[in-house]
Amino acid sequence: QVQLVDSGGGLVQAGGSLRLSCAASGSIFSVNHMGWYRQAPGQHREFVARIFSEGSTHYADSVQGRFTISRDNAKNTAYLQMNSLKPEDTAVYYCNAQVYTNSYGEYGDYWGQGTQVTVSS
């Protein structure tokens, strides 16, 4: 079993910053990529950012230049630094990770419980 724990959400004014964390634990052989998706009320879940084990990153166009993703491989933890937040960033943010659970190449796709980010105007 693998668990992902999201944390760090909250309420912030437009232009402010928040930092999300995602910690993976359990039966982990290695973690391939980690990242976040978000879902606003009445909207589909959308990709935000992803980081691979070697450090390469991908961002949604809507957050490029404002959000920075990083990770601590030793702790199986990823971080999302969100700056210059806008009201349209308001959503539940879900951590996502692809985790190899053994040395035979078996892996699974896991999700955190989500954390609310609210940006007031």
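A salt bridge is a side-chain nitrogen of Lys or Arg within 4 Å of a carboxyl oxygen of Asp or Glu. In this predicted model, aspartate 89 and arginine 66 meet that description, since their closest N and O atoms are 2.8 Å apart. Aspartate 89 sits in the loop between β8 and β9, while arginine 66 sits in the loop between β6 (57-59) and β7 (67-72), so this pair ties together parts that are 23 residues apart in sequence. Both aspartate 89 and arginine 66 are buried.

The structure holds three salt bridges, and aspartate 89 takes part in another of them. Its partner there is arginine 38, with the closest N and O atoms 3.0 Å apart. Arginine 38 belongs to strand β4 (residues 30-39) and aspartate 89 to the loop between β8 (77-82) and β9, so parts that are 51 residues apart in sequence are tied together by this pair. Aspartate 89 has a relative accessible area of 1%, and arginine 38 has one of 5%. Buried means under 20% relative accessible area, so aspartate 89 counts as buried, and so does arginine 38.

Arginine 38 also forms a salt bridge with glutamate 46, at 2.6 Å from N to O. Unlike the buried arginine 38, glutamate 46 is partly exposed, with a relative accessible area of 36%. Side chains of opposite charge can pair when their charged atoms come close.

How do these contacts fit together? Aspartate 89 bridges to arginine 66. Salt bridges that share partners join Arg38, Glu46, Arg66 and Asp89 into one network.

Arginine 38 leads on to the strand that contains it. In β4, eight of the 10 residues are buried, so the strand is largely enclosed by the rest of the structure. Strand β4 pairs with strand β5 (residues 46-52) in the antiparallel sense, over six bridges. Within this pairing, methionine 34 has isoleucine 51 of β5 as its bridge partner. Six residues lie between the strands in the hairpin of β4 and β5, and glycine 42 takes a positive phi near 75° in that hairpin.

Strand β4 is also joined to β9; these two run antiparallel, and eight bridges connect them. Here tryptophan 36 stands opposite cysteine 95 in β9. In a regular strand the side chains alternate between the two faces of the sheet.

Cysteine 95 brings in a link of another kind. Which residue does cysteine 95 join in a disulfide? The partner is cysteine 22, with the two sulfur atoms 1.7 Å apart. Cysteine 22 is in strand β3 (residues 18-26) and cysteine 95 in strand β9 (residues 91-100), so the disulfide ties together parts that are 73 residues apart in sequence. A search of the whole structure finds one disulfide. The angle about its S-S bond is -70°, and the link of cysteine 22 and cysteine 95 is left-handed.

Are the two cysteines buried or exposed? Cysteine 22 has a relative accessible area of 0% and is buried. Cysteine 95 likewise counts as buried, at 0% relative accessibility.

Strand β9 thus holds cysteine 95 of the disulfide and is joined to β4 by eight bridges. Strand β4 in turn contains arginine 38, which belongs to the salt-bridge network with Glu46, Arg66 and Asp89.

Terms used:
Residues are numbered from 1 along each chain as its sequence is written. This is a predicted model: local features need pLDDT of at least 70, side-chain atom pairs count only at pLDDT 80 or more; totals for chains, interfaces and linings use all residues. Side-chain values use heavy atoms; hydrogens and water are left out. A disulfide is a pair of cysteine sulfur atoms within 2.5 Å. Helices (H or I, at least four residues) and strands (E, at least two) are DSSP runs, numbered from the N terminus. Buried means under 20% relative accessible area, exposed over 50%, partly exposed in between (1.4 Å probe, protein chains only). Two strands pair if DSSP finds at least two bridges between them.
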